[in-house]
Amino acid sequence: MIKAKKKFGQNFLQDENIKNKIIESIPNGVKRIVEIGPGLGDLTQKLVKTNSQIDCFEIDGELYEILVDKFQDEISSKKLSISNCNALNAWDKISSSEYFLVANLPYYVATNMILKAIDDPNCKGLVVMIQKEVAIKFSAKDRDKEFSSLAILAALKGKCELLFDVPSTAFNPPPKVVSSVIRLVKDMDLSLDLDYAEFKNFLKAAFSAPRKTLLKNLSSLQSKEMLENLFAKFELNPTIRPHELSVALYLKIFKEATNERR
């Protein structure tokens, strides 16, 4: 019996209904699927039945050996490949060609993994299971109190939605939190015509203190007078909070502020 290793954040998904719902959430026509953290290969067994090429990345050497033994036929037929590595350190291999990310991500690396996939032009979208609180942050809409820079970065690429929750009883061992599955299908890229690195710094400042006003937060980057003029131009209340602005308005304010500095 393989015991889940806490250092890798392992919780093995065992609920057949949840596995099926994840598979059904993958868009049609995906040629290559990357699975990060396949664990015991329960979801992998269903992925290999699709028409996609499956490339798995497993950090745990013991699980890697089990997976290689379990999927000998699929590996021999080149339907499946399995790499024993830290996926964050092997992104060049992950991004070697276009792919769709499908994974039950360990909570401790989930945000970094998703942001990496969002920024990767070869990633065409994702269906991932993560902690519910993080899922809400990525899928929130403006005026939701959970709306954050994570939701904006996701929205720049396409539509991010929270599909369904997953109770702790669906796992072995059961985690102490509720999980959720989110889906992002990339169908645009609004970051192409702006300095993306600067925009991310702008968002970091904007949401640095969510309970404070947006004007106060952005004052760390721009003069208050210039910001007040911009707010007046876009008819924004000076007391507006960071979560109350739309993605479109964030883009407009950033571009105007950038032009003012030049």
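K124 is partly exposed, with 34% of its relative area accessible. This residue is a good way into the structure, which is a predicted model.

**Salt bridges**

Side chains of opposite charge can pair when their charged atoms come close. The model has 11 salt bridges. K124 forms one of them, with E98, at 3.8 Å from N to O. K124 sits in strand β6, residues 123–131. E98 sits in the loop between α5 (91–94) and β5 (99–104). The two residues are 26 apart in sequence, and their pair links distant parts of the chain.

The table lists this bridge with two others.

| Pair | N to O distance |
|---|---|
| K124 and E98 | 3.8 Å |
| D42 and K70 | 3.9 Å |
| K157 and D189 | 3.1 Å |

Take D42 and K70, whose side chains meet in a salt bridge. D42 belongs to helix α2 (residues 42–47) and K70 to helix α3 (residues 61–70), so their bridge ties together parts 28 residues apart in sequence. K70 is partly exposed, at 34% relative accessible area.

Now take K157 and D189, with a salt bridge of 3.1 Å. K157 lies in the loop between α8 (149–155) and β7 (158–166), and D189 in the loop between β9 (179–186) and α9 (196–206), so this pair ties together parts 32 residues apart in sequence. K157 is buried, at 6% relative accessibility. D189 is partly exposed, at 28%.

Some bridges share partners. In this way E16, K19 and K46 join into one network.

**Charges over rings**

K157 has another partner. Its charged end sits over the ring of Y196, 5.1 Å from the ring centre. K21 is placed over a ring too: it lies over the face of F164, 4.2 Å from the ring centre.

**Aromatic pairs**

There are 6 aromatic pairs in the structure. F199 and F254 make up one of them. Their centres are 5.1 Å apart, their planes meet at 70°, and the pair is edge-to-face. F199 is in helix α9 and F254 in helix α12 (residues 247–261), so the pair ties together parts 55 residues apart in sequence. Both residues are buried. They also belong to a cluster linked by ring pairs, together with F147, F202, F207 and Y250.

**Helix α1**

Helix α1 covers residues 16–25. Its buried residues are I18, K19, I22, I23 and S25. Seen down the helix axis, these residues fall within an arc of 160°, so they line one face of α1. What do they pack against? Their neighbours are β1 (12–13), α2, β5, β6, β7 and β9. At the start of the helix, a side-chain oxygen of D15 comes to within 2.9 Å of the backbone nitrogen of N17. K19, one of the buried residues of α1, is also part of the salt-bridge network with E16 and K46.

**Positive phi in two loops**

R143 is not a glycine, yet its phi is positive, at about 85°. The residue lies in the loop between α7 (132–139) and α8. R143 is exposed, with 57% relative accessibility.

E235 also has a positive phi without being glycine, with a value near 55°. Its place is the loop between α11 (224–233) and α12. Is E235 buried or exposed? At 74% relative accessibility, E235 is exposed.

Technical notes:
Residues numbered from 1 in each chain as written. Predicted model: local features only at pLDDT ≥ 70, side-chain atom pairs only at ≥ 80, totals over all residues. Heavy atoms only, no water. Salt bridge = Lys/Arg side-chain N within 4 Å of Asp/Glu carboxyl O. Helix = DSSP H or I, 4+ residues; strand = E, 2+ residues; numbered from the N terminus. Buried < 20%, exposed > 50% of the residue type's maximum accessible area, 1.4 Å probe, protein only. Phe/Tyr/Trp six-rings, centres within 6.5 Å; stacked < 30°, edge-to-face > 60°. Lys NZ or Arg CZ within 6 Å of the ring centre and 35° of its normal. Arc of directions from axis to C-beta. Contact = heavy atoms within 4.5 Å. Polar contact = N/O pair within 3.5 Å; in protein donor to acceptor, adjacent residues only side chain to side chain.
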